[in-house]
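Thanks for coming. I will go through a few places in this structure, one after another, and keep it short.

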Amino acid sequence: MHESNKLGPTIAPVPETEPGQTPSPAGEQHLSRQLSNRHIQLIAIGGAIGTGLFMGSGKTISLAGPSVIFVYMIIGAMLFFVMRAMGELLLSDLRYKSFADFASDLLGPWAGFFTGWTYWFCWIVTGVADVIAISGYVSYWWGGLALWIPALAAVVLLIVLNLPTVKAFGETEFWFSLIKIVAIVTLIVVGFGMVLGDFQAPGGATASFSNLWNDGGFFPTGPMGFVAGFQIATFAFVGIELVGTTAAETKNPERNLPKAINSIPVRVMLFYVVALIAIISVTPWRQISADRSPFVVMFTLAGLGIAASLINFVVLTSAASSANSGIYSTSRMVYGLAQEGDAPARFGRLTSRKVPVNALLLSGLFLLPGVVMVTMGDSIIEAFTLVTTISALLFIFVWSIILICYLVYRKRRPHLHEASTFKMPGGIVMCYVVLAFFAFLIWALTQKEDTLQALLVTPVWFVILGIAWAVHRRRRRPDQVRQEASPVGSVE
């Protein structure tokens, strides 16, 4: 802990017996630091490999063609800087449980309230998208099964998986992520093997790296097609910040958080860029359907039915992994909000195994709209597009808050930046570059009707949140309201 740090009013003193322990009132239990390095590494990888890659990349390829490769590289590079900013902030004071804590401390209680609840809603919306995707994957095997059945079963299973200790969650996510890694590496090896062996699909297409440029070049759909690729691709990266919500339950965070964050560029290059190169080389981009996972399509077109079924199981596991991470992160975020008085106190209670069960059940309950959407909707991909666009917009808000917090931190706490052993590369300049990129992403979402509809709906959430904050603020004690008006960092 840096003794020179000046904390705002929302972070309580912490007993020195366990550095970095989650703050809470005297006599209450704390979250338990049970997540080891291997858990954190695989949770970080699981966050980087989302449903958007497996389910959404088909539509992204159909919109942008081979230029989708550059789309994923650009987004991955920009988000790396967001993660480095988050890492420096979290490690500047180990009493931060998550980025909602440093938002509240650096920008004021309103920011913690907005960030915490928006992040909760982010993952609820993402979880709904995952439930929709799970239903679509199950229909690959049982086309006649009512879609609401696998959707409801998924929600129940996710709650059950998260009820034991946080270590049980870490183990579950470790194996979920390991399955994804093995599958993608296998796909890359098989894909490149097909290319080197001049494999010819039943439809007549020959596997070749020339498929990347021989049909209109790398940008066959033009500049606006390239721009359109950013819409769904952005959703593929939601959850990349998930490691930031594990800060209060991570063993040796000074060592494990930096290792997880620094591995992001390698993950992006391997799991996104190389995998998509393999897919487009084997299956010409015009033959990739927007309505199906290109991972499944690649093996299906190659005539490898058993492999396609196996890949379908993997992408089903990926969706379950993403939703599992969402249930975890939302329950911890609501727990943290309850600790700060920004959510009902009942959500701040822990079981004997130190799991915030009430917060967990709340998040699970809000996944049920996914069951309704697959029951009433006409198209899995239409529902998926709407939900993922809303999710991407909300995550852009959270990522932007992280960068704004970093700018305030650099201005008001330069001594902590100088003492940091995990400084953000590019610092203040890169913050503005990434914020400008986020503005570009929002503009890109206005260029297609389906994503524009989601863009127009999303502000409703912030209106609701603003009203909730106004009501909540009036209920705060007079001394809390006075502290909100005090300069950030002025309280010793």
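Before the loop I want to start with, one term: helices here are DSSP runs of at least four residues, numbered from the N terminus. Also keep in mind that this is a predicted model.

With that numbering, the loop between α16, residues 414–419, and α17, residues 427–444, holds serine 420. Is serine 420 buried or exposed? Its relative accessible area is 14%, and the limit for buried is under 20%, so serine 420 counts as buried. The side chain of serine 420 reaches the backbone nitrogen of phenylalanine 422, at 3.0 Å. Leaving aside residues up to four places away in sequence, serine 420 touches Glu88 and Tyr409.

Next, a second loop residue. Glycine 341 lies in the loop between α12, which is 305–339, and α13, which is 357–365. Here the relative accessibility is 38%, so glycine 341 is classed as partly exposed. Which residue is 228 places from glycine 341 in sequence, yet 9.5 Å from it in space? That is phenylalanine 113, with the distance taken C-alpha to C-alpha.

Now to helix packing, with two pairs to look at.

The first pair is α3, residues 68–92, and α8, residues 222–236. Their axes are 9 Å apart, and the helices pack at an angle of about 55°. An angle of that kind makes α3 oblique to α8. The crossing of these two, α3 and α8, is right-handed. Who meets whom? On the α3 side there are Phe70, Val71, Tyr72, Ile74 and Ile75, and on the α8 side Phe226, Gly229, Phe230, Ala233, Thr234 and Ala236. Sorted by class, the contact of α3 with α8 has nine nonpolar residues, two polar ones and no charged ones.

The second pair takes us back to α13, this time with helix α6, residues 148–162. The axes of α6 and α13 come within 10 Å and cross at roughly 165°. Angles over 145 degrees count as roughly antiparallel, so that is how α6 runs relative to α13. The crossing of α6 and α13 is right-handed. From α6, the contact uses Val155, Ile159 and Asn162; from α13, it uses Leu360, Leu361 and Gly364. By class, that gives four nonpolar, two polar and no charged residues for the contact of α6 with α13.

To close, one point on the two pairs: neither the contact of α3 with α8 nor the contact of α6 with α13 has charged residues. That is all from me.

Conventions:
Residues are numbered from 1 along each chain as its sequence is written. This is a predicted model: local features need pLDDT of at least 70, side-chain atom pairs count only at pLDDT 80 or more; totals for chains, interfaces and linings use all residues. Side-chain values use heavy atoms; hydrogens and water are left out. Axes are lines fitted to C-alpha atoms, for helices over the stretch in contact, and angles run from 0 to 180 degrees between N-to-C directions. Angles under 35 degrees count as roughly parallel, over 145 as roughly antiparallel, 65 to 115 as roughly perpendicular and the rest as oblique. A crossing is left-handed if the near helix is turned anticlockwise from the far one by less than a right angle, and right-handed if clockwise. Contact means heavy atoms within 4.5 Å. Ala, Val, Leu, Ile, Met, Phe, Trp, Tyr, Cys and Pro count as nonpolar, Asp, Glu, Lys and Arg as charged, and the others, Gly among them, as polar. Buried means under 20% relative accessible area, exposed over 50%, partly exposed in between (1.4 Å probe, protein chains only). A polar contact is a pair of N or O atoms within 3.5 Å; within protein, one must be able to donate a hydrogen and the other to accept it, and residues adjacent in sequence count only if both atoms are side-chain atoms.
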